[in-house]
Amino acid sequence: MNPLNSPLEIGVRALVLLAESYPQPLDLAQLAVLDHAVLHSGDLDGPPSLHPSLPGHSGELGMKRTVLEQALLVLIRAGLAGVEADETGLVYRATERGPAFVDILEAPYVVRLRERAEWAVHHWAPETDVRAVTAALLNYSTSSSTPFEGRRD
């Protein structure tokens with residue numbers, strides 16, 4: 001198994017995001033956009049990006065949803081996250097064990113990931129329209145200064 005962009009890697013990132021938003025749930029679209037924001041936060045006027053900014057990285061978003069669904073199943077099976085239905089559809093929430101599990105992870109990457117997740121969930125996302133951001137990322141043109149016009153600074 002290649003660990004890069006695997007359900008395990010994306011699952012750890014999703015769990016960090018769910019732990020940061022706990023007890024508030026997130027849907028699949030929110031998780032996909034937040035994961036992108038965590039990885040490429042420097043492109044969004046946030047902290048330095050976790051991953052390098054490569055041409056076409058906005059294309060990651062389309063592939064991410066499938067692997068993210070697999071990652072969420074891993075978290076659910078491990079008892080670290082749960083799925084429930086609300087008025088908008090399916091949402092995912094960290095279980096009480098989820099944030100505790102994240103707290104025991106000590107790798108430098110996880111420390112930086114948690115910092116960016118805190119920024120993404122609490123500072124960038126509250127006024128971000130997930131559908132608009134997804135469309136902007138998928139249609140992003142390199143001639144544009146930022147695909148996130150009108151978002152909160």
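Here is a short conversation between a student and a tutor about the predicted model shown above.

Student: What should I keep in mind about numbering and confidence here?
Tutor: Residues are numbered from 1 along each chain as its sequence is written, and side-chain values use heavy atoms, leaving out hydrogens and water. This is a predicted model, where totals for chains, interfaces and linings use all residues, side-chain atom pairs count only at pLDDT 80 or more, and local features need pLDDT of at least 70.

Student: Which pattern does the protein follow along the sequence?
Tutor: Helices (H or I, at least four residues) and strands (E, at least two) are taken as DSSP runs, numbered from the N terminus. The protein has six helices and two strands. Read along the sequence, the pattern is α-α-α-β-β-α-α-α.

Student: What share of the 153 residues is buried?
Tutor: Happy to help with that one! Buried means under 20% relative accessible area, exposed means over 50%, and partly exposed lies in between, with a 1.4 Å probe and protein chains only. On that scale, the buried share of the 153 residues is 39%.

Student: Which helix gives the most to the largest nonpolar core?
Tutor: A nonpolar core is a set of buried Ala, Val, Leu, Ile, Met, Phe, Trp, Tyr and Cys residues joined through side-chain atoms within 4.5 Å. The largest one has 35 residues, and Leu18, Leu31, Leu68, Leu72, Leu75 and Trp124 touch the most other members. At least two residues each come from α1 (7-21), α2 (28-39), α3 (60-77), β2 (89-94) and α5 (108-124). The most, eight residues, come from α2.

Student: Which residues does leucine 18 touch?
Tutor: A contact means heavy atoms within 4.5 Å. Leucine 18 is among the core members that touch the most others. Leaving aside residues up to four places away in sequence, its partners are Leu26, Leu31, Leu72, Leu75, Ala81, Tyr92, Arg93 and Ala94.

Student: Why are the rings of tryptophan 119 and tryptophan 124 called stacked or tilted?
Tutor: Rings of Phe, Tyr and Trp (its six-membered ring) pair if their centres lie within 6.5 Å; planes under 30 degrees apart count as stacked, over 60 as edge-to-face and the rest as tilted. The count by this rule is one aromatic pair. The centres of tryptophan 119 and tryptophan 124 are 6.2 Å apart and their planes lie at 25°, so the pair is stacked.

Student: What relative accessibility does each of these tryptophans have?
Tutor: Both sit under the buried cut-off, so each counts as buried. Tryptophan 119 has a relative accessible area of 12%, and for tryptophan 124 the value is 2%.

Student: How do α1 and α4 cross, left-handed or right-handed?
Tutor: With axes as lines fitted to C-alpha atoms over the stretch in contact, and angles running from 0 to 180 degrees between N-to-C directions, α1 and α4 (residues 97-104) come within 9 Å and cross at roughly 120°. In this crossing, Leu15, Val16 and Ala19 of α1 meet Gly98, Pro99, Phe101 and Val102 of α4. A crossing is left-handed if the near helix is turned anticlockwise from the far one by less than a right angle, and right-handed if clockwise. For α1 passing α4, the crossing is left-handed.

Student: Is aspartate 35 buried or exposed?
Tutor: Aspartate 35 is found in helix α2. Leaving out residues up to four places away in sequence, aspartate 35 touches Arg13, Leu17 and Lys64. Its relative accessibility is 3%, so aspartate 35 counts as buried.

Student: Which two residues does a cis peptide bond join?
Tutor: Most residues other than glycine have a negative phi, and most peptide bonds are trans. Here, a cis bond with omega of about 10° leads into proline 23, which is found in the loop between α1 and α2. The two residues are tyrosine 22 and proline 23.

Student: What is phi of aspartate 45 near?
Tutor: Aspartate 45 is found in the loop between α2 and α3. At 61% relative accessibility, aspartate 45 counts as exposed. Its phi is positive, in a residue other than glycine, and is near 60°.
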